[in-house]
Amino acid sequence: MTFTQFVFYLFSAVLIFAAAMVITVRNPVKAALFLVLAFFSAAGLWVMLEAEFLAIALVLVYVGAVMVLFLFVVMMLDINLARLREGFGEYLPVGAVVAALMIVEMGVILGPRHFGLHRFPLPPGHAAGYSNTRELGLQLYTTYVYPFEIASLILLVAIIAAIALSMRSHRRSRHQDPGKQVQVRREDRVRIVKMAAEKKG
Amino acid sequence: MIAHLEAAWRGFPLWSRLVLGSLGGIIAIVVPLMIAVAYLTFAERKIIGYMQVRIGPNRVGPRGWLQPIADALKLLFKEIIIPSSANKYLFVLAPVLAIGPSLVAWAVIPFTSRLVLANINAGLLFILAMTSMGVYGVIVAGWASNSKYAFLGSLRSAAQIVAYEIAMGFALVGVLMLAGTLNLREIVLHQAGNIAHWYLWPLFPLFLVYFISGVAETNRAPFDVAEGESEIVAGFHVEYSGMAFAIFFLAEYANMILISALTAILFLGGWMAPVGVAPFTWVPPLAWFLIKVSVLLFFFLWFRATFPRYRYDQIMRLGWKVLIPVTLVWITLIGVVMFFAPWGGVVR
């Protein structure tokens, strides 16, 4: 076993272990943290495939941003663990059937007939100075420029929709205007009243 | 003698030479970094002391020079108390998650044109990914402590870090556009020449945004609501004691130095001398780099001594409504200039 193989099996083992823990562990915060570990090991595998841009983007986007917000929501949930266990036996047969179906489907499609190693030539190794990021950028902005632009437009629509859905009008919500706050002078707020000192009665 | 050593070195198998070489490099970075962190705390207390017209620590060793060593020893010998209702594994894991990314990011920092541990092509992305991981230490610490103050502190901090990361990332896009590479070493080489070639000038607003976001990212004053001792005691690490607390401390200061180093590399020409004539070129490149980093670190301390703490909603407003629009406008402007103007190539 070469060193590369050892690293590959290490990352794969961690990935599978973490993925299994995500769905078996009871505590949702721990599940989210195991998902982070799974993403991280997947990124490690991608680095070994010389896809360093995708790997780092995975860590940056999913680990650095998406999962942080996930954790945020999950941490504030008040989950009763006992209720999660209810109805396990009830759902078991249906769940088992669905799981079996999915395994069979994946076996048919992802089996060696379509995705076997013999169907794909070994990708050529690249020189040390090869920049994955540059190649990806060239592809995105030449060959796939229209799909890329359309995807960005869809994202823009989603952003605007999210803002439109969650925005409340200014009149209904109480808010502060820091621009006005910093312009406040002492004369507007403070009134000095001179009073004669009281005499001791 | 050297020939013997070389022969002995070649006697090792290749993998062990790689491992030993990397290990040596890591130690050569981390040990000076930890010493720098220790003396940064000393510098902070002294500088803020003088700014507030007091003397600062001056009891341990000559002029107080051994104060950080004494502090480290004190923290080492203190007991680490794990709260009985805390989640034990995550409670112990949190400091590790905090310090790991802040040390790993140093792997791609070029100290001079030859002194870099891993000169990778996607260096800038790597830095972004690693710094975005730092927030987990804070979140996990706050949640695992099972304490209201810690939890509130970690929520504040996480929201703040996620918000300012966007402004930070956009500020880096400007650097990327001018340099045309993600490799940190090449970014510095693009700024070769004198002070006029530094990215500080064409990217001045982005420089400000980056540095301000950097201060916010590291939870330093005036953005330190995550600790806000007047409101939530000490924030996310209120339940930590001894070395576990010290590790959070180390992570915060290592991050400060990291942000300063990055600002020096991206906007201030890294190890380049400001003017390429005689008295300036006598100073070695590494010294120039360290000087720039020290000046930026001084700004961190200066901010802390000068500004009162921001209110939380104002922090969010500054991040989302001021810094991010500034970066977006400036990126567009640079793009237009580079594309249309006949002198656009000059900027590049």
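Reader: Which residues are linked in a network of salt bridges?

Author: In this predicted model, Glu44(B), Arg220(B), Glu252(B) and Arg304(B) are linked in such a network.

Reader: What makes Arg220(B) and Glu252(B) a salt bridge?

Author: The closest N and O atoms of Arg220(B) and Glu252(B) are 3.3 Å apart. The cut-off is a side-chain nitrogen of Lys or Arg within 4 Å of a carboxyl oxygen of Asp or Glu, so the pair Arg220(B) and Glu252(B) counts as a salt bridge. The pair links distant parts of the chain, 32 residues apart: Arg220(B) is in the loop between H9 and helix H10 (229-232) of chain B, and Glu252(B) in helix H11 (residues 242-267) of chain B.

Reader: Are Arg220(B) and Glu252(B) buried or exposed?

Author: Both Arg220(B) and Glu252(B) are buried.

Reader: Why is the pair Arg309(B) and Asp224(B) said to tie together parts of the chain?

Author: Arg309(B) forms a salt bridge with Asp224(B), with the closest N and O atoms 2.8 Å apart. Arg309(B) sits in the loop between helix H13 (285-306) and helix H14 (312-340) of chain B, and Asp224(B) in the loop between H9 and H10 of chain B, so the pair ties together parts that are 85 residues apart in sequence.

Reader: Why is Asp224(B) called buried, and why is Arg309(B) called partly exposed?

Author: Buried means under 20% relative accessible area, and partly exposed lies between that and the exposed class, over 50%. Asp224(B) has a relative accessible area of 12%, so Asp224(B) is buried. Arg309(B) has 29% relative accessibility and therefore counts as partly exposed.

Reader: How do you know that Arg45(B) forms a salt bridge with Asp71(B)?

Author: Their closest N and O atoms are 3.2 Å apart, and the limit is 4 Å. Arg45(B) lies in helix H2 (residues 14-51) of chain B and Asp71(B) in helix H3 (residues 67-77) of chain B, so this salt bridge ties together parts that are 26 residues apart in sequence. Arg45(B), with a relative accessible area of 38%, is partly exposed. Asp71(B) is also partly exposed, with a relative accessible area of 24%.

Reader: How many salt bridges does the whole structure hold, and how many are counted between chain A and chain B?

Author: The search over all chains finds 5 salt bridges. Between chain A and chain B the count is 0. There is 1 residue pair in polar contact between the two chains, counting pairs with both residues at pLDDT 80 or more.

Reader: What makes up the contact between chain A and chain B?

Author: The contact takes 28 residues from chain A and 28 residues from chain B. The two chains bury about 2300 Å² between them, 76% of it on carbon and sulfur atoms. Ile56(A), Leu60(A) and Met75(A) supply 24% of the area that chain A buries against chain B, more than any other three residues.

Reader: Which helices supply the side of chain A that touches chain B?

Author: Helix H2 (28-48), helix H3 (52-76), helix H7 (132-141) and helix H9 (178-181) of chain A each supply at least two residues. The largest share, 13 residues, comes from H3(A). The residues on this side of chain A divide into 18 nonpolar, 7 polar and 3 charged.

Reader: Why is Gln191(B) called buried, and where is its place?

Author: Its relative accessible area is 0% and the class ends at 20%, so Gln191(B) is buried. The place of Gln191(B) is in the loop between helix H8 (184-190) and H9 of chain B.

Reader: What makes Gln191(B) and Gly269(B) a polar contact?

Author: The backbone nitrogen of Gly269(B) lies 3.1 Å from a polar atom of the side chain of Gln191(B), and the limit for a polar contact is 3.5 Å. Beyond its neighbours within four places in sequence, Gln191(B) is in contact with residues including Trp198(B), Phe267(B) and Met272(B).

Reader: What makes Val138(B) buried?

Author: Val138(B), in helix H6 (residues 135-144) of chain B, has a relative accessible area of 7%, under 20%, and is therefore buried. Leaving aside neighbours within four places in sequence, Val138(B) is in contact with Ser154(B), Ser157(B) and Phe236(B).

Reader: Which elements of chain B have the lowest and the highest mean pLDDT?

Author: Helix H15 (residues 344-347) of chain B has the lowest, 50, and helix H9 (residues 204-217) of chain B the highest, 90. Where pLDDT is low, the predicted coordinates should not be read in detail. Chain B averages a pLDDT of 84. The predictor gives the complex an ipTM of 0.81 and a pTM of 0.85.

Note on methods
Residues are numbered from 1 along each chain as its sequence is written. Chains are lettered from A and ligands numbered from 1 in the order in which they are written. This is a predicted model: local features need pLDDT of at least 70, side-chain atom pairs count only at pLDDT 80 or more; totals for chains, interfaces and linings use all residues. Side-chain values use heavy atoms; hydrogens and water are left out. pLDDT is the predictor's confidence in each residue, from 0 to 100. Helices (H or I, at least four residues) and strands (E, at least two) are DSSP runs, numbered from the N terminus. Buried means under 20% relative accessible area, exposed over 50%, partly exposed in between (1.4 Å probe, protein chains only). Contact means heavy atoms within 4.5 Å. Buried area is the accessible area (1.4 Å probe) that two parts lose on being put together, summed over both. A polar contact is a pair of N or O atoms within 3.5 Å; within protein, one must be able to donate a hydrogen and the other to accept it, and residues adjacent in sequence count only if both atoms are side-chain atoms. Ala, Val, Leu, Ile, Met, Phe, Trp, Tyr, Cys and Pro count as nonpolar, Asp, Glu, Lys and Arg as charged, and the others, Gly among them, as polar.
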